[in-house]
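Student: Hey, can you walk me through this one? I'd like to ask questions as we go.
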Amino acid sequence: MTADNTVIGLLLAAGQGSRFGGDKLLQPLADGTPIGLQAARQLAAQVDELICVVRPNDHALHALFSTEGFTVLPNPEHLSGLSSSLKAGVAARPNAAYWLVGLGDMPFIQPATYASVRAALNQQLKQTAHTQRLLRTRLNQHSHGHPCALPQRYRAELLALNGDSGAAKLFKQAQPCDVQLIDTDDSGVLRDIDVPADLH
């Protein structure tokens with residue numbers, strides 16, 4: 001399949017939020033912005049189209065994202081794990097040159113970090129398709145974080161993923177020369193919200 005040179009953002013937002021007590025992504029941050037909307041806006045600023053993958057019955061989140069102008073994609077397989085949402089997004093835009101992936105419960109990633117990832121991605125787009133690399137952030141040259149960017153040449157592997165680990169398997173199996181790490185001191189690349197205390 002030939003890529004169309006678009007960069008599609010995939011916000012994975014179909015989790016249950018059970019540890020939080022439900023409706024996690026609708027909870028407001030300090031400035032009143034819902035967690036999920038903040039994460040979506042940060043990612044949307046760096047892509048040609050943002051697709052927000054949600055639970056089919058999450059009507060409030062669907063409305064929130066739709067009102068903002070984002071594409072909303074219900075994932076009926078959400079209970080089978082994070083990979084199902086990633087696969088749904090990839091399948092929805094199979095011709096993308098890259099998929100830039102963020103998580104709905106990670107609103108603290110700084111805009112500059114997303115911009116750095118997009119700058120690296122733009123350099124990769126100048127390469128031939130079969131040499132384009134996987135991209136991921138790395139905090140203080142140690143811990144791998146989000147967002148991550150996945151090129152078209154990994155589409156088949158992405159669609160074969162299962163379970164709750166998302167694209168982690170791809171990065172684990174890839175040769176070092178096929179992965180570009182984007183170093184940052186932004187702790188937001190590791191900071192997700194699982195329980196209410198994580199908001200503070």
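Tutor: Sure. One term before we start: a residue counts as buried under 20% relative accessible area, as exposed over 50%, and as partly exposed in between. Also keep in mind that this is a predicted model.

Student: OK, let me try that on Gln141. Is Gln141 buried or exposed?
Tutor: Gln141 has a relative accessibility of 60%, and the cut-off for exposed is over 50%, so Gln141 counts as exposed.

Student: And where is Gln141 found?
Tutor: Gln141 is in the loop between β5 (134–139) and β6. Its backbone is worth a look too: phi is positive, about 70 degrees for Asn5 and about 55 degrees for Gln141. Neither Asn5 nor Gln141 is a glycine.

Student: Why point that out?
Tutor: Because most residues other than glycine have a negative phi.

Student: Where does Asn5 sit, then?
Tutor: Asn5 belongs to the segment before β1. Asn5 is exposed, at 52% relative accessible area.

Student: Which residues are joined by a cis peptide bond?
Tutor: His146 and Pro147 are, with omega at about 0 degrees. Pro147 is part of strand β6. For background, most peptide bonds are trans.

Student: New topic. Which residues touch the most other members of the largest nonpolar core?
Tutor: Those are Leu10, Leu11, Phe65, Leu86, Leu150 and Leu158, in a core of 57 residues. Strand β1 (residues 7–13) gives the most to this core, with 6 residues.

Student: Let's zoom in on Leu158. What does Leu158 touch?
Tutor: Leaving out residues up to four places away in sequence, Leu158 touches Leu86, Lys87, Val90, Trp99, Leu150, Ala167 and Leu170.

Student: How many aromatic pairs are there?
Tutor: The count comes to 0. Rings do come up in another way, though. The charged end of Arg191 sits over the ring of Phe108, 3.7 Å from the ring's centre. Arg136 likewise lies over the face of Phe171, at 4.2 Å from the ring centre.

Student: Now charges. How many salt bridges are in the whole structure?
Tutor: A search finds 6. As a general point, side chains of opposite charge can pair when their charged atoms come close.

Student: Give me one. What does Asp105 meet in a salt bridge?
Tutor: Asp105 meets Lys24, with 3.0 Å from N to O. Asp105 lies in the loop between β4 (98–103) and α4 (111–125), and Lys24 in the loop between β1 and α1 (35–44), so this pair ties together parts that are 81 residues apart in sequence.

Student: Are those two buried or exposed?
Tutor: Both Asp105 and Lys24 are buried.

Student: What about Arg41, which residue does Arg41 form a salt bridge with?
Tutor: With Glu68, where the closest N and O atoms are 2.7 Å apart. Arg41 is in helix α1, while Glu68 is in the loop between α2 (59–67) and β3 (71–74), so the pair ties together parts 27 residues apart in sequence. Arg41 is partly exposed, at 37% relative accessible area. Glu68 is partly exposed as well, at 32%.

Student: Got another?
Tutor: Yes, Asp58 and Arg55, whose closest N and O atoms are 3.4 Å apart. Asp58 counts as buried at 8% relative accessibility, and Arg55 is buried at 12%.

Student: Switching again, where is the place of Gln152?
Tutor: Gln152 is in the loop between β6 (143–151) and α5. At 10% relative accessibility, Gln152 counts as buried.

Student: And what does the side chain of Gln152 reach?
Tutor: The side chain of Gln152 reaches the backbone oxygen of Ala96 at 2.6 Å. A polar atom of that side chain is also 3.0 Å from the backbone oxygen of Pro94.

Student: Last one: where is Asn162 found?
Tutor: Asn162 is in the loop between α5 (155–159) and α6 (168–173). Asn162 counts as exposed, with 59% relative accessibility. Asn162 and Leu86 are 76 residues apart along the chain, and their C-alpha atoms are separated by 9.6 Å.

Key. Residues numbered from 1 in each chain as written. Predicted model: local features only at pLDDT ≥ 70, side-chain atom pairs only at ≥ 80, totals over all residues. Heavy atoms only, no water. Core = buried A, V, L, I, M, F, W, Y, C linked by side-chain atoms within 4.5 Å. Buried < 20%, exposed > 50% of the residue type's maximum accessible area, 1.4 Å probe, protein only. Helix = DSSP H or I, 4+ residues; strand = E, 2+ residues; numbered from the N terminus. Contact = heavy atoms within 4.5 Å. Phe/Tyr/Trp six-rings, centres within 6.5 Å; stacked < 30°, edge-to-face > 60°. Lys NZ or Arg CZ within 6 Å of the ring centre and 35° of its normal. Salt bridge = Lys/Arg side-chain N within 4 Å of Asp/Glu carboxyl O. Polar contact = N/O pair within 3.5 Å; in protein donor to acceptor, adjacent residues only side chain to side chain.
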